[in-house]
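Colleague: I'm new to this one, so could you pick a single part and take me through it slowly? Please explain the terms as you go.

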Amino acid sequence: MSDKILILEDEVGIRSFVAINLKREGYEVIEAQNGQEALEKISENNIKIALLDVMLPDINGTDVCKYIRQNFENVGIIMLTAKSQEEDKIEGFMSGADDYIIKPFSIKELLFRINALLRRVKKDEEVLDTNKVVLPPFILDLDKRKLFKNNKEIELTPTELAIVKYLMDNTKKSLSREQILQEVWGNNSLYDFKIVDVNIRRIRNKIEDDPSKPKYIQTVWGYGYCFRKE
Ligand code: CA
């Protein structure tokens with residue numbers, strides 16, 4: 001069965017262009033031209049990846065993103081953004097999204113990002129060998145692909161989980177943002193470091209006692225990040 005990808009985009013030219021090319025790659029494509037239609041189709045279909053335009057006539061794409069994240073935690077989300085939105089609003093439109101791509105984009109780049117995200121989403125669904133990373137107060141359960149802090153489950157997106165796993169597997173090392181990009185997104189030349197920082201900030205909000213004074217995921221200035229044991 002082919003993977004289902006939703007494209008939410010009100011500009012018909014972009015929507016058809018993406019849909020035709022994804023179908024050619026063997027994906028099943030579900031099209032939505034406004035937020036309401038997207039919400040209905042997400043509820044009716046087992047979507048693997050959602051491509052969400054930010055500027056829409058009815059609901060803001062970031063609200064669609066939040067809705068998906070709250071209700072379908074394992075859907076991969078890529079935001080389609082305009083250049084003007086990129087500068088100052090990454091935080092806002094990244095609310096729960098795994099990735100973003102700036103218009104105009106090439107199909108080659110979009111496909112690369114979809115494939116990279118699909119690998120993370122599918123890893124989340126796999127049953128792996130019995131394996132736990134125990135770093136008190138955290139337990140990363142690789143069977144269930146879940147993170148626990150003091151035995152309380154912390155909800156992480158597939159991308160956030162991949163980052164936490166990489167950091168926890170390398171507790172003695174400082175990891176550069178290039179290394180994190182390469183490990184988690186698969187190709188560091190296509191991406192901006194900001195996506196690493198945005199995800200780290202979101203993870204800190206979920207796992208740190210005080211996200212403004214992180215003690216588990218520490219910043220290595222001018223380099224990257226390091227996971228510290230208690
Ligand atoms: Ca639009």
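Modeller: What follows is a walk through one sheet, its loops and the helices that pack around it.

Some ground rules to start with: this is a predicted model, where local features need a pLDDT of at least 70 and side-chain atom pairs count only at pLDDT 80 or more, while totals for chains, interfaces and linings use all residues. Residues are numbered from 1 along each chain as its sequence is written, and side-chain values use heavy atoms, with hydrogens and water left out.

Let's start with the sheet. Going across this open sheet you meet 4 strands in the order β6-β7-β8-β9, and the pairing is antiparallel. Those labels count from the N terminus and come from DSSP runs: E of at least two residues for strands, H or I of at least four residues for helices. Strands are said to pair if DSSP finds at least two bridges between them. At the edges sit β6 (132-135) and β9 (152-154), each with pairing on one side only. On average, neighbouring strands here are turned by 25 degrees against each other, direction ignored. For angles like this, axes are lines fitted to C-alpha atoms (for helices, over the stretch in contact), and the angle between N-to-C directions runs from 0 to 180 degrees.

Now zoom in on one edge. β6 is joined to β7 (residues 138-141) by 4 bridges, with the two running antiparallel. If you want one pair to find on screen, look for V133, whose bridge partner in β7 is L140. In the loop that leads from β6 to β7 you'll find P137. The peptide bond from P136 to P137 is cis, with omega near 5 degrees.

The loop between β8 and β9 has its own quirks. N150 lies there, and so does N151. N150 is not a glycine, yet its phi is positive, near 50 degrees. N151 isn't a glycine either, and its phi is positive at about 65 degrees. Are these two buried or exposed? N150 has a relative accessible area of 58%, so it counts as exposed. N151, at 67%, is exposed too. The cut-offs are under 20% relative accessible area for buried and over 50% for exposed, with partly exposed in between, using a 1.4 Å probe and protein chains only.

Next, what lies on the sheet? Helix α6 (residues 158-169) packs on it and touches β6, β7 and β8 (146-149), its direction making about 115 degrees with that of β7. Contact here means heavy atoms within 4.5 Å.

α6 has a helix partner as well. The axes of α6 and helix α8 (residues 194-207) come within 10 Å and cross at roughly 85 degrees. That makes α6 roughly perpendicular to α8. By the convention used, 65 to 115 degrees is roughly perpendicular, under 35 roughly parallel, over 145 roughly antiparallel, and the rest oblique. From α6, the contact uses T159, E160, I163, V164 and L167, and from α8 it uses N199, I200, R202, I203 and K206. Sorted by class, these residues are 5 nonpolar, 2 polar and 3 charged. Nonpolar covers Ala, Val, Leu, Ile, Met, Phe, Trp, Tyr, Cys and Pro, charged covers Asp, Glu, Lys and Arg, and the others, Gly among them, are polar.

α8 also meets helix α7 (residues 177-185), at an angle of about 85 degrees with the axes 9 Å apart. So α7 is roughly perpendicular to α8. Here R177, I180, L181 and W185 of α7 face I195, V196, D197 and N199 of α8. This contact has 5 nonpolar, 1 polar and 2 charged residues.

One last stop, along the chain from there. Strand β12 (residues 224-227) pairs with β10 (residues 175-176) over 2 bridges, in the antiparallel sense. β12 pairs with β11 (residues 217-220) as well, antiparallel and over 4 bridges. Y225 is a handy marker in β12: L175 stands opposite Y225, and T219 stands opposite Y225 too. In the hairpin of β11 and β12 there are 3 residues between the strands, and G222 takes a positive phi near 70 degrees.
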